[in-house]
Every structure is written in C-alpha cells, then in structure tokens.
Amino acid sequence: FFLGAWLCSLSRVRAVPNLWGLWCLLWLLVPPPFDVDTRLIGKLQNFSSRISSGILDLWGISHLMAGNVLQLPDKQFFVDEACSGIISVMSVLAVGLIWAVWYNRALLHMVLLVMAGVIWAVSLNVARISIITFAHAWFDVDLSEGTPHEILGLVLFSLTFLALVSSDQ
C-alpha cells in the first residue's frame with residue numbers, strides 16, 4: 001500500500017500513463033492469505049482432471065479416474081499440482097498483466113484480459129493432461145516426465161500466450 005501511495009504521489013509530479021497497472025503488477029509478489037492458494041490448487045487440479053477425463057471418454061480411451069490419478073490399462077498418471085493448477089494460472093496471469101501494463105490498457109481491458117488468461121490457462125492444463133494420455137494410449141509415447149514433458153509444457157505455454165495476445169485484440 002505504501003508503494004501504491006508513492007506511485008500516486010509520483011503521478012501528480014510526472015505524467016505516467018496507467019500507473020495503477022504497475023501497482024497491480026506489484027500485487028503478484030504478495031502470496032494470497034489464509035492458504036487460499038493451496039485450496040485453489042486442489043480445486044484446479046480436480047477440475048482439470050475431470051475435464052480431461054471427459055475428453056478421454058469422448059475419444060474412447062479406456063481409463064479410470066480415481067481422485068487425481070488417471071489409470072490406463074497399462075500405466076498410471078498422477079495429475080500433479082504443477083501440471084494442473086496454480087503455476088500455469090499464475091504464469092499466464094503475470095504475462096497478461098505485464099502485457100496490459102506494457103501496452104497501457106485501460107483497467108476494464110486489463111481485468112477482462114486477465115479473466116481470459118485464466119480461462120486459457122485452465123485450457124492449457126486440460127490440453128496437457130489429455131495430450132500426455134493420448135500420446136501414451138495411441139502411440140505408446142511417454143510425455144509425462146523428463147525433457148519431452150518440459151518441451152510439451154513450453155509449447156503449450158507459448159500457444160496459451162498467443163491465445164492471450166489474440167484475446168487482447
């Protein structure tokens with residue numbers, strides 16, 4: 001709040017457009033109170049797992065969803081917190097806020113862009129879980145760990161960023 005007040009006083013001396021956007025970026029450094037992030041991780045993990053299971057059902061891939069574990073006939077995939085939740089959401093949120101501040105977007109525009117970013121991030125998580133399962137079920141390729149997993153994550157994050165930029169337009 002002190003930095004917000006200082007930025008407000010700075011705006012009286014110097015004309016800096018959308019200075020409040022910089023203040024919003026600073027809030028990304030503050031962890032959520034009352035263990036909200038842990039509860040959100042669990043909900044996002046469960047939501048992503050359920051949606052992915054529905055997609056696998058649509059494509060006729062035989063599986064069992066037990067909590068956050070996707071059980072195929074020959075392999076078990078644990079849907080990790082990192083692959084289904086807060087890390088990608090916070091990353092996309094940060095990129096969306098930085099993009100909005102960089103291009104001096106209005107407050108409403110920034111809020112809508114961040115909301116779109118959350119939707120894109122959840123879609124990224126569902127796509128990652130589904131692609132890993134499809135690759136194993138159809139091609140017997142394991143994308144669940146190591147370098148292939150990292151490359152898949154980077155490719156999907158890049159596509160999410162492009163989707164976010166297109167949402168900005």
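The questions and answers below go through a predicted model of one protein.

Q: How many helices and how many strands are there in the protein?
A: From the N terminus on, the order of elements is α-α-α-β-β-β-α-α-α-α. The strands therefore sit between two runs of helices, as elements are numbered from the N terminus. The count is seven helices and three strands.

Q: What does the C-alpha trace of the protein span along its principal axes?
A: The chain holds 169 residues. Along the principal axes, its C-alpha trace spans about 65 × 35 × 25 Å.

Q: What percentage of the residues of the protein count as buried?
A: A residue is buried when its relative accessible area is under 20%. The accessible surface of the whole protein is about 10,300 Å², and carbon and sulfur atoms hold 70% of that surface. Among the 169 residues, the buried part is 36%.

Q: What share of the contacts with a separation of 6 or more is between residues 24 or more positions apart?
A: A contact here means heavy atoms within 4.5 Å. One residue with contacts to other parts of the chain is Ser130, which touches Ser52, Ile55 and Leu56. For the protein, the share from residues 24 or more positions apart is 67%.

Q: Is Ser130 buried or exposed?
A: Ser130 is found in helix 6, which covers residues 107-139. Its relative accessibility is 4%. The limit for a buried residue is under 20%, so Ser130 counts as buried.

Q: Which helix gives the most to the nonpolar patch?
A: The patch is made by Phe1, Phe2, Leu3, Trp6, Leu26, Trp27, Leu29 and Val30, and has an area of about 940 Å². Three residues come from the element that gives the most, which covers residues 2-13. That element is helix 1.

Q: Is Leu29 buried or exposed?
A: Leu29 is one of the residues that make the nonpolar patch. Its place is in the loop between helix 2 (19-26) and helix 3 (36-58). Because its relative accessibility is 69%, and the limit for exposed is over 50%, Leu29 counts as exposed.

Q: Which residues does Leu28 touch, not counting residues up to four places away in sequence?
A: Leu28 is found in the loop between helix 2 and helix 3, and with a relative accessible area of 26% it is partly exposed. The C-alpha atoms of Leu28 and Met90 are separated by 8.4 Å, although the two residues are 62 residues apart along the chain. The residues touched by Leu28 are Met90, Leu93, Ala94 and Leu97.

Q: What value does phi of Phe34 have?
A: Most residues other than glycine have a negative phi. Phe34 is found in the loop between helix 2 and helix 3, and at 73% relative accessibility it counts as exposed. Phe34 is not a glycine, yet its phi is positive, near 60°.

Q: Which residue, although it is not a glycine, has a positive phi of about 60° and 46% relative accessibility?
A: The residue is found in the loop between helix 2 and helix 3. Its 46% relative accessibility makes it partly exposed. The residue with this positive phi is Asp35.

Q: How far apart are the mean positions of the positive and negative charges of the protein?
A: The protein has 8 positive and 11 negative charges. Their mean positions are 18 Å apart.

Q: How many salt bridges does a search of the whole structure find?
A: Side chains of opposite charge can pair when their charged atoms come close. Lys75 forms a salt bridge with Asp142, and Asp168 forms a salt bridge with Arg105. The number found in the whole structure is two.

Q: How far apart are the closest N and O atoms of Lys75 and Asp142?
A: Lys75 lies in the loop between strand 2 (69-71) and strand 3 (76-78), and Asp142 in the loop between helix 6 and helix 7 (146-168), 67 residues apart. Lys75 counts as partly exposed at 23% relative accessibility, and Asp142 counts as partly exposed at 28%. The closest N and O atoms of the pair are apart by 3.3 Å.

Q: Which residue forms a salt bridge with Asp168?
A: The closest N and O atoms of the pair are 2.6 Å apart. Asp168 lies in helix 7 and its partner in the loop between helix 5 (86-102) and helix 6, so the pair ties together parts that are 63 residues apart in sequence. At 5% relative accessibility, Asp168 counts as buried. The partner of Asp168 is Arg105.

Key: Residues are numbered from 1 along each chain as its sequence is written. This is a predicted model: local features need pLDDT of at least 70, side-chain atom pairs count only at pLDDT 80 or more; totals for chains, interfaces and linings use all residues. Side-chain values use heavy atoms; hydrogens and water are left out. Helices (H or I, at least four residues) and strands (E, at least two) are DSSP runs, numbered from the N terminus. Buried means under 20% relative accessible area, exposed over 50%, partly exposed in between (1.4 Å probe, protein chains only). Accessible areas come from the Shrake-Rupley method with a 1.4 Å probe; for residues, only the protein chains shown count as cover. Lys and Arg count as positive and Asp and Glu as negative; His and the chain ends are not counted. The place of a charge is taken as NZ of Lys, CZ of Arg, CG of Asp or CD of Glu. Patches are made of residues with over 30% relative accessible area and no salt bridge: like charges are joined within 9 Å, nonpolar side chains (Val, Leu, Ile, Met, Phe, Trp, Tyr) within 5 Å. A salt bridge is a side-chain nitrogen of Lys or Arg within 4 Å of a carboxyl oxygen of Asp or Glu.
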